[in-house]
Amino acid sequence: KGNFVLLSKTLIYFDRQKKTYTTTTIPVTSSDALLTVAEDKKGNIYVSSNTSGITKLEWDNISRAYVLGDNSSINPAPNNRSCIAVDDQGFIWVGTEGKGLYRYNPETGQMINFTPDKLDSRSISDINIYSLFVDHSGILWIGTYSQGLCKYDLYRKSFLHFKSIPGKVNSMSGNVISGITSNNSNELWVGSRDEGGINRFIFNGSEEPTVIHYMNNPNDNNTI
């Protein structure tokens, strides 16, 4: 493929050798805000947006370019905010605003919807999903709009919850999760909106990780 792929309202290629841009007519989204990008094992690219769900870009070996793919099977909230991730098993995960979390199996076409169940403490904690991340161990992390962070256990098929608990130092600083990332298998960095700062999770083999808060202090230039 060789070129950088730039995503705007349309698909743009950047030739690294010629240092030139080529703008295509392939629509990526009608939204002004692209939220997440994921790639599957076949080289297909999935783009989530703030108002138009999921767009699928398929790699075409004949034209050696991306073409607009059929997104009907992986776009459960086409007029809503969505986020997307692809795990190590090839499952496509789609988080939505108001419809919960979806897992799509591209081999079978099966779509499973995960929503909160008040009678099951192992269910997902929120119907509004704001961020998704697959870490170095293949674990799926789900950031919610108001109920903190969820960890999906691929073997037990259950969700573990991490929330901000008043009075508990070793808990999250906020429950609106705007972003999740990691640079190794022993740590997880979680961004929280509404002055929640950044939460650094350190895993030491126990069920409960250590949580370190990085908050803004207007009187300290060394804070975030």
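Before anything else, let me fix one word: a residue is called buried when under 20% of its relative accessible area is left, and exposed when the value is over 50%. Please also keep in mind that what we are looking at is a predicted model.

With that word in hand, let us begin at strand S9, which covers residues 92-96. On one side of S9 we find Ile92, Val94 and Thr96, on the other Trp93 and Gly95, and since every one of these is buried, both faces of the strand are covered. Five of the five residues of S9 are therefore buried, and so the strand is largely enclosed by the rest of the structure.

Now, which strands pair with S9? One of them is S8, residues 82-86, which runs antiparallel to S9 and is joined to it over five bridges. Within that pairing, valine 86 stands opposite isoleucine 92. The two strands make a hairpin with five residues between them, and in the turn glycine 90 has a positive phi of about 95 degrees. S8 is itself mostly covered, with five of its five residues buried; Ser82, Ile84 and Val86 lie on one side, while Cys83 and Ala85 lie on the other.

Another partner of S9 is strand S10, residues 101-104, which pairs with S9 in the antiparallel sense over four bridges. Here glycine 95 has leucine 101 of S10 as its bridge partner. This hairpin has four residues between its strands, and glycine 98 takes a positive phi near 100 degrees.

Let me stay with one residue of S9, tryptophan 93. If we leave aside its neighbours within four places in sequence, tryptophan 93 is in contact with a list of residues that includes Cys83, Ile84, Leu101, Phe114, Leu132 and Tyr152. Tryptophan 93 also belongs to the largest nonpolar core, which has 16 residues, and is among those with the most contacts inside that core, together with Leu101, Leu132 and Ile142. The elements that give two or more residues to this core are S8, S12, S13 and S14, and S12 gives the most, with three residues. Apart from this core lies another one, of 11 residues, among them Trp141, Phe162, Ile180 and Val211.

Next, the aromatic rings: the structure holds 13 aromatic pairs. Why does the pair of tryptophan 93 and phenylalanine 114 count as stacked? Their ring centres are 5.8 Å apart and their planes stand at 25 degrees, and planes under 30 degrees apart count as stacked, so the pair meets that cut-off. Tryptophan 93 lies in S9 and phenylalanine 114 in strand S11, residues 111-114, so the pair ties together parts that are 21 residues apart in sequence. Both tryptophan 93 and phenylalanine 114 are buried, and with Tyr152 and Phe159 they form one aromatic cluster.

Compare that with tryptophan 141 and phenylalanine 203, whose rings form a tilted pair, 5.7 Å centre to centre and with 35 degrees between the planes. This pair links distant parts of the chain, 62 residues apart, for tryptophan 141 is in strand S13 and phenylalanine 203 is in the loop between strand S18 and strand S19. Is each partner buried or partly exposed? Tryptophan 141 is buried, with a relative accessible area of 1%, whereas phenylalanine 203, at 24% relative accessibility, counts as partly exposed.

Two rings also have a charge above them. The charged end of arginine 81 sits over the ring of tyrosine 130, 3.7 Å from its centre, and the charged end of arginine 103 sits over the ring of phenylalanine 91, 4.4 Å from its centre.

Finally, let us turn to the sheet that holds S13. This is an open sheet of four strands in the order S12-S13-S14-S15, with antiparallel pairing. Strand S12, residues 129-134, and strand S15, residues 158-162, stand at the edges with a single partner strand each, so one side of each is left without a neighbour in the sheet. From one strand to the next, the twist averages 25 degrees. Inside the sheet, S13, residues 140-144, and S14, residues 149-153, pair over four bridges, and the bridge partner of tryptophan 141 in S14 is lysine 151.

Notes. Residues are numbered from 1 along each chain as its sequence is written. This is a predicted model: local features need pLDDT of at least 70, side-chain atom pairs count only at pLDDT 80 or more; totals for chains, interfaces and linings use all residues. Side-chain values use heavy atoms; hydrogens and water are left out. Two strands pair if DSSP finds at least two bridges between them. Axes are lines fitted to C-alpha atoms, for helices over the stretch in contact, and angles run from 0 to 180 degrees between N-to-C directions. Buried means under 20% relative accessible area, exposed over 50%, partly exposed in between (1.4 Å probe, protein chains only). Rings of Phe, Tyr and Trp (its six-membered ring) pair if their centres lie within 6.5 Å; planes under 30 degrees apart count as stacked, over 60 as edge-to-face and the rest as tilted. A charge sits over a ring if NZ of Lys or CZ of Arg is within 6 Å of the ring centre and within 35 degrees of the ring normal. A nonpolar core is a set of buried Ala, Val, Leu, Ile, Met, Phe, Trp, Tyr and Cys residues joined through side-chain atoms within 4.5 Å. Contact means heavy atoms within 4.5 Å.
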